[in-house]
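Trainee: I am new to this structure. Can we walk through it together, one question at a time?

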Amino acid sequence: MAIAKAERLMNLALCLLGTRRPLSKRELRESIEAYREAFGSDRGTAGADDSFNRMFERDKDDLRELGLVIETVENMDGEIGYLARRDSNRLPPITLDAEEAAALGLAAKVWQQARLAGAASGALQKLRAAGLPEDVDPYGAHGALEPRIPVHEAAFEPLMLACRDRRPVAFDYRKANAAHPGPRHVEPWALECWRGHWYLAGWDRDRKAERVFRLSRITGKVRSRGGGFTAEVPDVVTVRETVASWAGESADRSARIRLRTGAGYPLRAKATAVRELRDGWDELEIPYGRGLDAWLVEFGRDVVVLEPAELRADVVERLRAVAKG
């Protein structure tokens, strides 16, 4: 039914755009196949005429809502006709400077590994066809860095759609220190990428609090749930700030670790002090805050925590949980 209506609206729009004179309802009814099939044999009967009039008015309103400018013209005989002039339905020329073109190009590159890659590429092609200068390279204006955000997690697309549609979801989630995943019921707010990982912020219905979830720890399928949101969506969702605080970005303490030589470059970038050892290891001082233990576990055998003792104990506990799982 949706496809049939879309086809009918497209045929009506093409008919109104292609005519040089206003067309009456009668002429449109005879010209458009969908109208002929639905009302052709019953033309002249009161019921069929009323049904056609209602359908035509709905179709006309739908096209106007989509942005088509339809004019209503009365001829000398008092008959009403309709047409959509091409000059009234033509977009103005698109002009982009080099920086604007670069921004669009970078945005398209960001999504090259997601399902939106085709749409982004198609949009750039349309901009080219609309007059984007050939000497403006939307990819190369800031070519020193090429931002690429990987989207490997199967949960990304259903969660992106759920955020857009304000639709609650359910999924199984494994915490960093847990051996097995547990069910979560979430009202999703926003997705953000931080240091190569995607995170979801939303309202955890079971815990009745705001939570941030790392997509790589979601197991199984993301399942949609009926009904609307029960918690108010904040105007600003600070996913990166929340994750950064968990990872020790706003820490006011230091931790001392041993790091295998040639490994753990993200840790080296955070280090406030580095001392080279002679046994294939280096000693680093790094900022210590909530969540640092979960990050250190990701480096496996390349990291040994020296101090503080509570951080070492947290890392050992997480490693044991992973071994059991």
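**A pocket, a helix residue and a sheet**

Mentor: Start with a pocket. The model is predicted. The lining residues of the second largest pocket fall into two nonpolar, two polar and two charged.

Trainee: Which residues line the second largest pocket?

Mentor: The space in this pocket is about 190 Å³. Its lining holds two charged, two polar and two nonpolar residues. By name, the lining is Leu17, Gly67, Leu68, Arg86, Asn89 and Arg90.

Trainee: Is Asp59 buried or exposed?

Mentor: Asp59 sits in helix α4, residues 46–65. Its relative accessibility is 1%. Buried means under 20%. So Asp59 counts as buried.

Trainee: Which residues is Asp59 in contact with, leaving aside its neighbours within four places in sequence?

Mentor: Asp59 belongs to helix α4. Set aside the neighbours within four places in sequence, and the contacts of Asp59 are Arg8, Leu9, Leu12 and Tyr35.

Trainee: Now the sheet. Which strands stand at its edges?

Mentor: The sheet is open and has five strands, with antiparallel pairing. Its order is β7-β6-β5-β4-β8. Each edge strand has a single partner, so one side of each is left without a neighbour in the sheet. The edge strands are β7 (209–214) and β8 (218–224).

Trainee: What does the twist average from one strand to the next?

Mentor: Take the open sheet in the order β7-β6-β5-β4-β8. From one strand to the next, the twist averages 45°.

Trainee: What angle does the direction of helix α7 make with that of β5?

Mentor: Helix α7, residues 156–165, packs on the sheet. The helix touches β4 (169–173), β5, β6 and β8. Its direction and that of β5 make an angle of about 85°.

Trainee: Over how many bridges do β5 and β6 pair?

Mentor: Strands of a sheet pair through backbone hydrogen bonds. Here β5 spans residues 182–194 and β6 spans residues 197–204. Glu187 stands opposite Trp203 in β6, and Leu191 stands opposite Leu200 in β6. The antiparallel pairing of β5 and β6 runs over eight bridges.

Trainee: And which residue in β5 does Tyr173 stand opposite?

Mentor: Look at β4 and β5. They pair in the antiparallel sense over five bridges. Across from Tyr173, in β5, stands Gly182.

Methods
Residues are numbered from 1 along each chain as its sequence is written. This is a predicted model: local features need pLDDT of at least 70, side-chain atom pairs count only at pLDDT 80 or more; totals for chains, interfaces and linings use all residues. Side-chain values use heavy atoms; hydrogens and water are left out. On a 1 Å grid over the protein atoms alone, a cavity is a set of points where a 1.4 Å probe fits but cannot get out, and a pocket is an open set with protein on both sides within 12 Å along at least five of seven lines; lining residues have an atom within 4 Å of a point. Grid points are joined across faces, edges and corners, and a volume is the space filled by probe spheres set on the points. Ala, Val, Leu, Ile, Met, Phe, Trp, Tyr, Cys and Pro count as nonpolar, Asp, Glu, Lys and Arg as charged, and the others, Gly among them, as polar. Helices (H or I, at least four residues) and strands (E, at least two) are DSSP runs, numbered from the N terminus. Buried means under 20% relative accessible area, exposed over 50%, partly exposed in between (1.4 Å probe, protein chains only). Contact means heavy atoms within 4.5 Å. Two strands pair if DSSP finds at least two bridges between them. Axes are lines fitted to C-alpha atoms, for helices over the stretch in contact, and angles run from 0 to 180 degrees between N-to-C directions.
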